[in-house]
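The following exercises concern one protein chain and are to be worked with its sequence and coordinates at hand. Each task is followed by a solution in steps.

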Amino acid sequence: MQFIYPPKPLFRLGQLAAHVVVALIALVVIGGATRVMEAGLACPDWPLCYGSFLPGRQMNLQVFLEWFHRLDAFFVGIVLITQFAFSLYWAKTLPKWLPWIYGFLTLLVSLQGFLGALTVLQLLPSLVVMAHLVVAFTLVAIMSGVTQQLLNPGKSIFPTWLRCFGFLSLFAVIAQSLLGSRVATSWAAQRCLDFGESCNLLGLHRVSAIPVSFLVILFVIVSSLQRDVFMKQWPYLLTIIFLIISQILLGAFSIHLRMSEPSLIIAHQLIACLLVAVIAALNFKGRGNDDSSQSLYINQSTLETCHG
């Protein structure tokens with residue numbers, strides 16, 4: 001029996017979802033840049049900035065970062081609500097789980113907006129900032145997985161046991177990122193390097209990076225032993241290895257330079273977010289169509305979604 005590739009509504013939603021993944025990653029990175037540049041309170045009110053949608057006289061780098069972070073969040077929220085509406089409209093031709101997932105994502109992005117407001121109104125409390133980040137990573141992971149299920153539907157490329165291994169790696173990366181967020185929001189790294197305080201927290205983050213990196217690399221190695229997976233998914237696997245190595249080097253250089261280079265710290269958060277996105281995509285990726293059938297939509301739109 002020949003497998004029929006995604007119908008047009010499914011594929012178009014997948015294209016839009018790929019763009020949302022990019023926007024979410026940008027949102028996390030801009031949020032990290034806002035924190036590093038100490039711009040979290042650059043706009044003292046919420047949801048407007050200095051009482052207007054586009055601040056004029058007050059605009060500087062810090063205000064721009066905070067303002068653009070909110071603008072990107074608004075864009076993501078609108079697009080997710082639009083996708084939710086489309087999933088309801090096309091419900092008869094889409095998988096039954098899709099409207100439920102989009103409904104959940106809409107609730108998550110609403111929660112994210114609420115937490116974003118709290119970070120401003122409550123003057124950047126550390127736990128709220130961490131909660132803000134965990135919701136962001138959850139959105140990235142789920143949206144990346146949804147994108148793969150829309151563009152590559154069907155049975156998972158992994159056997160169940162290997163998929164569980166992949167999810168364990170994903171949760172480990174998110175947990176490590178949250179620990180890094182705790183280090184950042186409590187300024188533990190600077191306090192340790194400058195005054196010898198809070199070194200336990202920084203040390204825990206550095207030590208825990210070893211088992212997390214080992215777990216992710218082991219996941220890649222075991223996946224590579226599955227010949228079918230390696231032949232078709234080797235770009236994903238190589239990307240994960242590259243990201244892990246880059247993350248270790250960025251962390252080491254940041255400490256060596258005594259956290260004085262904001263670009264390294266921002267890149268560190270970017271790599272963490274990309275790891276979450278790529279591991280989630282690999283875990284949710286379906287087998288799609290078989291080798292004997294090709295999709296008209298895929299052939300017409302290959303370049304349109306490859307960046308997502």
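**Exercise 1. A residue of the first helix**

Is isoleucine 25 buried or exposed? Establish also its element and its contacts beyond the sequence neighbourhood.

Solution. The model is a predicted one, and the values below are computed from it.

Step 1. Isoleucine 25 is placed in helix α1.

Step 2. The relative accessible area of isoleucine 25 is 12%. Buried means under 20%, so isoleucine 25 is buried.

Step 3. Once neighbours within four places in sequence are set aside, isoleucine 25 is in contact with Val140, Leu270, Cys273, Leu274 and Ala277.

Step 4. A further pair spans a long stretch of sequence: isoleucine 25 and phenylalanine 137 are 112 residues apart in sequence, while their C-alpha atoms are 8.7 Å apart in space.

**Exercise 2. Two residues of helix α5**

Characterise serine 169 and valine 173 by element, burial and contacts, and identify a residue that appears in both contact lists.

Solution.

Step 1. Helix α5 comprises residues 160-185 and contains serine 169; valine 173 also has its place in helix α5.

Step 2. Serine 169 has 0% relative accessibility and therefore counts as buried. Valine 173, with a relative accessible area of 5%, is buried as well.

Step 3. Not counting residues up to four places away in sequence, serine 169 touches Leu215, Val216 and Phe219. With its neighbours within four places left aside, valine 173 is in contact with Val212, Val216, Ala272, Leu275, Val276 and Ile279.

Step 4. Val216 appears in both lists.

Step 5. For valine 173 a C-alpha separation can be added: cysteine 273 lies 100 residues away along the chain, and the two C-alpha atoms are separated by 9.1 Å.

**Exercise 3. A serine in helix α7**

In which helix does serine 208 lie, and which residues does it contact outside its sequence neighbourhood?

Solution.

Step 1. Serine 208 belongs to helix α7, which covers residues 199-224.

Step 2. The relative accessibility of serine 208 is 16%, so this residue counts as buried.

Step 3. Apart from neighbours within four places in sequence, the contacts of serine 208 are Gln176 and Leu179.

Step 4. Leucine 162 is 46 residues from serine 208 along the chain, and their C-alpha atoms are separated by 23 Å.

**Exercise 4. The loop between α1 and α2**

Describe tyrosine 50 and glycine 40, stating the burial class of each.

Solution.

Step 1. Tyrosine 50 is located in the loop between α1 (8-36) and α2 (61-89). Glycine 40 is likewise in the loop between α1 and α2.

Step 2. Tyrosine 50 has a relative accessible area of 37% and is partly exposed, because that class falls between 20% and 50%. Glycine 40, at 12%, is buried.

Step 3. The backbone of tyrosine 50 has a phi near 55°, a positive value in a residue other than glycine.

Step 4. The C-alpha atoms of glycine 40 and leucine 88 are separated by 36 Å, at 48 residues apart along the chain.

**Exercise 5. The annotated segments**

Compare the record's transmembrane annotation with the secondary structure of residues 73-91 and 203-222.

Solution.

Step 1. The unreviewed UniProt entry annotates "transmembrane region" at residues 16-37, 73-91, 100-121, 127-146, 158-179, 203-222, 234-257 and 263-284.

Step 2. Residues 73-91 are 89% helix and 0% strand, with end C-alpha atoms 26 Å apart.

Step 3. Residues 203-222 are 100% helix and 0% strand, and here the end C-alpha atoms are 29 Å apart.

**Exercise 6. The chain as a whole**

How many helices and how many strands does the chain hold, and what do its overall dimensions indicate?

Solution.

Step 1. The chain has ten helices and zero strands.

Step 2. Its radius of gyration is 20 Å, close to the 19 Å given by the globule rule for 308 residues, so the chain is as compact as a globular protein of that length.

Step 3. Along the principal axes, the C-alpha atoms fill a box of roughly 65 × 45 × 30 Å.

Step 4. Of the 308 residues, 48% count as buried. Among contacts with a separation of 6 or more, 79% come from residues 24 or more positions apart.

Step 5. The accessible surface comes to about 15,900 Å², and 70% of it belongs to carbon and sulfur atoms.

Step 6. The chain carries 17 positive and 11 negative charges, whose mean positions are 10 Å apart.

Technical notes. Residues are numbered from 1 along each chain as its sequence is written. This is a predicted model: local features need pLDDT of at least 70, side-chain atom pairs count only at pLDDT 80 or more; totals for chains, interfaces and linings use all residues. Side-chain values use heavy atoms; hydrogens and water are left out. Helices (H or I, at least four residues) and strands (E, at least two) are DSSP runs, numbered from the N terminus. Buried means under 20% relative accessible area, exposed over 50%, partly exposed in between (1.4 Å probe, protein chains only). Contact means heavy atoms within 4.5 Å. UniProt positions are given in the numbering used here, feature names are shortened, and annotations may be inferred rather than shown by experiment. The radius of gyration is taken over C-alpha atoms; the globule rule is 2.2 Å times the number of residues to the power 0.38. Accessible areas come from the Shrake-Rupley method with a 1.4 Å probe; for residues, only the protein chains shown count as cover. Lys and Arg count as positive and Asp and Glu as negative; His and the chain ends are not counted. The place of a charge is taken as NZ of Lys, CZ of Arg, CG of Asp or CD of Glu.
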